[in-house]
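Hi,

Here is the structure I promised to pass on. Have a look when you get a minute, and my notes are underneath.

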Amino acid sequence: MTRHLWLPYTQMKTADPPLRAVRTEGSRITLDDGRVLVDGIASWWTACHGYNHSHIAASVREQLSRMPHVMLGGLVHEGAERLAARLAALLPGDLERVFFTDSGSVAVEVAIKMAVQFWLNRGERGRTRLVAFAGGYHGDTLGTMAVCDPEEGMHSLFRGVLPEHHVVPLPRDEAGLAAFDAFLAAHAGSCAAILVEPLVQGAGGMLFHDAAVLRALRRAADRHGLLLILDEVFTGFGRTGTMFACEQAGIVPDIVCLSKALTGGTMALAATVARPRVFEAFWSDDPAHALAHGPTFMANALACAAANASLDLFEREDRLAQVDAIGARMREGLAACRNLPRVVDVRVRGAIGVVELERIEDMRGLKRRLLAEGVWVRPFRNILYLTPAFTIAPEELDVLAAALRRVLGNA
């Protein structure tokens, strides 16, 4: 049945056959052979409330009975208006203009386009480059590949095809900040914005940095007249311990990108949210100054219903307290991994737990051993990580941590 499927990030000639999921519930995935797996990564970090939450499901069913979708070209609907207003109220500062798309990659694409057109609309040509950082990952579309780490990312094959941007070391100390400031002094005139994943560079290796780095980047952007874009596709909606990671630094970006947990893992939806300063550069009598982007399914009514229901759950239930509890339990459960061979680091932030290895020599074998433990954990590069649903039961979290300890201990 899979012969017509083309799977992501997979050399399909040599890969193990994919597993067939037939049912989900909470933090469990049931396979067609009857096995039940504890999901340690919440479907690529999206299912923050667990699978099949009754409130989200009911909201989507009700919306489906009335209107599954309507184009946002010349029309709007209450779900999109309400969701945009709620996001503006939740986000820090004056982030208030919400542009909806379908995926995190496209949310970042739109942010790049916003930043470049911001300067064009102001009559400043030539400011077309972004400043991004080593270890960063922002998506798989051509535009976002160009701002990922070209050496560590998945996209080195496309060098020469992609637009050229600046990818520099993330400044983590005084020397790094001085070097970064000198770089901007030389190149800011050709740049539109600085782009960074706040607190955690996710698919680049779950690399952590502290809030002081974000404050320094905000100051640098202001000093050199650049926009600051935060890619909170992974970190947004509680994953790092606050609703948005930038809150821990006390900064407000000019543009923020959201997706993944926006709908609680139910449907595809993303948002690029800008401050008035950015939006005002597009507010004009000149049609050419309008933002030239418009996904067919932007602000899909079913997806907006799921997202509004997800925000209801954040309001009604103390998800951030659950994140704190998950973090504490993961610190305890993963601590013993520090003493295992080839482990170079164990780190936890919010509901993200990471075991970093020197290398993973047999990725296929490692995945098989994890499955044999009854867990769904997908290591990549040189790390194993846990990003569970915030509603995961403590005993399920213990199963995940114990599986990592056993698999690594027997490697």
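Which residue in E2 does Thr24 stand opposite? The one facing Thr24 is Ile29. Before you go further, bear in mind that this is a predicted model.

That pair belongs to a stretch of antiparallel strands. Strand E1 (residues 21–25) and strand E2 (residues 28–31) run antiparallel and are joined by 4 bridges. Their hairpin leaves 2 residues between the strands, and Gly26 there has a positive phi near 60°.

E2 also pairs on with strand E3 (residues 36–39), again in the antiparallel sense, through 3 bridges. Ile29 turns up here as well: its bridge partner in E3 is Leu37. So much for the pairing; as for the turn, the E2 and E3 hairpin has 4 residues between its strands, with Gly34 at a positive phi of about 95°.

Now for the nonpolar packing. The largest nonpolar core counts 121 residues, and the members touching the most others are Phe100 and Phe237. Helix H4 (residues 104–121) supplies the largest share of this core, with 10 residues.

If you want to click around Phe100, leave out anything up to four places away in sequence; its contacts then include Ala80, Leu83, Ala84 and Leu87. Phe100 also touches Leu269, Ala270 and Ala271, along with Pro295, Met298 and Ala299. There is another core apart from the largest one, made of 7 residues, including Ala42, Ala47, Tyr51 and Leu371.

Cheers

Technical notes. Residues numbered from 1 in each chain as written. Predicted model: local features only at pLDDT ≥ 70, side-chain atom pairs only at ≥ 80, totals over all residues. Heavy atoms only, no water. Pairing = 2+ DSSP bridges. Core = buried A, V, L, I, M, F, W, Y, C linked by side-chain atoms within 4.5 Å. Buried < 20%, exposed > 50% of the residue type's maximum accessible area, 1.4 Å probe, protein only. Contact = heavy atoms within 4.5 Å.
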